[in-house]
Amino acid sequence: MRGGDIESRGEKNRGSNHASSYAVEDTDTPWLSWLIPLFVVANVVMFVIVMYFNNCPKSNQGCVARFLGRFSFQPLRENPLFGPSSSTLERLGGLEWKKVVHQHQGWRLVTCIWLHAGVIHLIANMLSLVIIGIRLEQQCGFVRIGIIYLLSGIGGSILSSLFIQRNISVGASGALFGLLGAMLSELITNWSIYTNKVCALLTLLVIVAINLGVGILPHVDNFAHIGGFLTGFLLGFVLLPRPQLGWMQRRNLPAGVRVNSKYKAYQYGLGLVSLVLLVAGFTIGLVLLFRGVNGYDHCHWCHYLSCVPTSRWKCDGN
């Protein structure tokens, strides 16, 4: 029996058990998800710490939920998301272009990922992280998902800093979009082991389009979303290809039977091209950022990627 026949039969058997799922589970026991829950706890703890240092009653009489004491929220006219002041976020690591470029505080590209502007912002991101991240970690393991999450967050921060230079940016949205991007590239690079693959692809594309579409509203940092998504999309080709079934079962095959290579040729190709693009993108982005380049000087229409003005709202200058 040829290795190719083994591959085809294995894919058919695995797919028949999950016709309604976009992903085909491996025959191995799923990984235990602990890193994503740990990320959720870390984000919640960081928000509590931020609110402790914010201490609204000390400097403001119109705090919301004053019964919380120093953990009460800024007035809604200042922060409608039920959170701290922008000055507190800036002090504790929020992403601000001037401090990154002129004061050499590059660490803000990382710390801003763990900060949130308010309770609403935090809950929305953490629910998304649990829904998307736990399944991915169970399928792919904590190491690869952790790398994708962190690098996508940094990629989102870099692109955001190149365009959003007058406002403070915080949140895990870039990292979350990186997980979405990784889901899409994982589907593409492992195309042959999926059932209902066209439906799965269309579903993911619709989800991504809706989330990016929300980013054209005012006060939403869509550049962080786009940067995180592109980073995760490329990392998925590098980190998430699945070995061919024939290679996985090579120890159980009779002697003399041809064994397929671990990955298919197109998986190697996509992974190599994606790795080159990742290194080039991060290098160019960081060089431009620390040289103080404004992205709008080289892309005049790019402001439409983050906010589209309508009769109902205006877009603030960035």
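Me: How far apart do the end C-alpha atoms of residues 268-290 lie, and what share of the span is helix?
Reply: In this predicted model, the end C-alpha atoms of residues 268-290 are 33 Å apart. The span is 100% helix and 0% strand.

Me: Which residues does UniProt list as "transmembrane region"?
Reply: The unreviewed UniProt entry lists residues 31-53, 113-134, 146-164, 170-191, 198-217, 223-241 and 268-290 under that term.

Me: And 113-134: what is the helix share there, and how far apart are the ends?
Reply: Residues 113-134 are 73% helix and 0% strand. Their end C-alpha atoms lie 18 Å apart.

Me: How many helices and strands are there in the chain?
Reply: The chain has 13 helices and 0 strands. Read from the N terminus, its elements are therefore α-α-α-α-α-α-α-α-α-α-α-α-α.

Me: What percentage of the chain is buried?
Reply: Of the 318 residues in the chain, 46% are buried. As for contacts with a separation of 6 or more, 73% are accounted for by residues 24 or more positions apart.

Me: Moving to the interior, how many residues has the largest nonpolar core?
Reply: The largest nonpolar core has 53 residues. Phe39, Leu129, Ile145, Ile148, Tyr149, Leu179 and Leu289 are those with the most contacts inside it. At least two residues of this core come from each of α2 (35-54), α5 (97-101), α7 (119-140), α8, α9 (173-189), α10 (197-214), α11 and α13.

Me: Which helix supplies the largest share of this core?
Reply: That is α9, with 9 residues. There is also a second, separate core of 5 residues, including Val50, Leu115, Ala117 and Val170.

Me: Back to Leu289, then. Which residues does Leu289 touch, not counting those up to four places away in sequence?
Reply: Leu289 touches Trp97, Val100, Val101, Leu109, Ser161 and Leu162.

Me: Now pockets. How much space lies in the second largest pocket?
Reply: The second largest pocket holds about 410 Å³ of space. It is lined by 20 residues, and those closest to its centre are Leu159, Leu162, Gly281, Phe282 and Gly285.

Me: Which helix gives the most to the lining of the second largest pocket?
Reply: Helix α13 gives the most, with 7 residues. Helices α8 (142-163), α11 (222-239) and α13 (265-290) each contribute at least two residues to the lining.

Me: What is that lining by class: how many nonpolar, polar and charged residues?
Reply: The lining of the second largest pocket has 12 nonpolar and 8 polar residues, with no charged residues.

Me: How many cavities of 30 Å³ or more does the structure hold?
Reply: There are 2 cavities of that kind. The largest cavity has a volume of about 60 Å³, and the second largest holds about 40 Å³.

Me: Which residues lie nearest the centre of the largest cavity?
Reply: Asn190, Ser192, Ile193, Arg242 and Gln267 lie nearest its centre, out of 11 lining residues. By class, the lining of the largest cavity has 3 nonpolar, 5 polar and 3 charged residues.

Me: And what lines the second largest cavity?
Reply: Its lining consists of Leu95, Glu96, Trp97, Ser160, Ser161, Ile164, Asn167 and Ser169. These divide into 3 nonpolar, 4 polar and 1 charged.

Me: Different topic: where does Phe82 lie?
Reply: Phe82 lies in the loop between α3 and α4, and its phi is near 60°, a positive value in a residue other than glycine. Most residues other than glycine have a negative phi. Ala65, in the loop between α3 and α4, also has a phi near 60°.

Me: Why does Phe82 count as partly exposed?
Reply: Its relative accessibility is 29%, and partly exposed covers the range between the 20% and 50% limits.

Me: What about Pro80, buried or exposed?
Reply: Pro80 is exposed, because its relative accessible area is 55% and the limit for exposed is over 50%. Pro80 lies in the loop between α3 (56-59) and α4 (86-91). Pro80 and Ile120 are 40 residues apart in sequence and 9.0 Å apart in space, C-alpha to C-alpha.

Me: Last one: which residues is Ile147 in contact with, leaving aside neighbours within four places in sequence?
Reply: Ile147 is in contact with Leu235 and Leu239. Ile147 belongs to helix α8 and is partly exposed, with a relative accessible area of 35%. Ile147 and Leu235 are 88 residues apart in sequence and 8.7 Å apart in space, C-alpha to C-alpha.

Key: Residues are numbered from 1 along each chain as its sequence is written. This is a predicted model: local features need pLDDT of at least 70, side-chain atom pairs count only at pLDDT 80 or more; totals for chains, interfaces and linings use all residues. Side-chain values use heavy atoms; hydrogens and water are left out. UniProt positions are given in the numbering used here, feature names are shortened, and annotations may be inferred rather than shown by experiment. Helices (H or I, at least four residues) and strands (E, at least two) are DSSP runs, numbered from the N terminus. On a 1 Å grid over the protein atoms alone, a cavity is a set of points where a 1.4 Å probe fits but cannot get out, and a pocket is an open set with protein on both sides within 12 Å along at least five of seven lines; lining residues have an atom within 4 Å of a point. Grid points are joined across faces, edges and corners, and a volume is the space filled by probe spheres set on the points. Ala, Val, Leu, Ile, Met, Phe, Trp, Tyr, Cys and Pro count as nonpolar, Asp, Glu, Lys and Arg as charged, and the others, Gly among them, as polar. A nonpolar core is a set of buried Ala, Val, Leu, Ile, Met, Phe, Trp, Tyr and Cys residues joined through side-chain atoms within 4.5 Å. Buried means under 20% relative accessible area, exposed over 50%, partly exposed in between (1.4 Å probe, protein chains only). Contact means heavy atoms within 4.5 Å.
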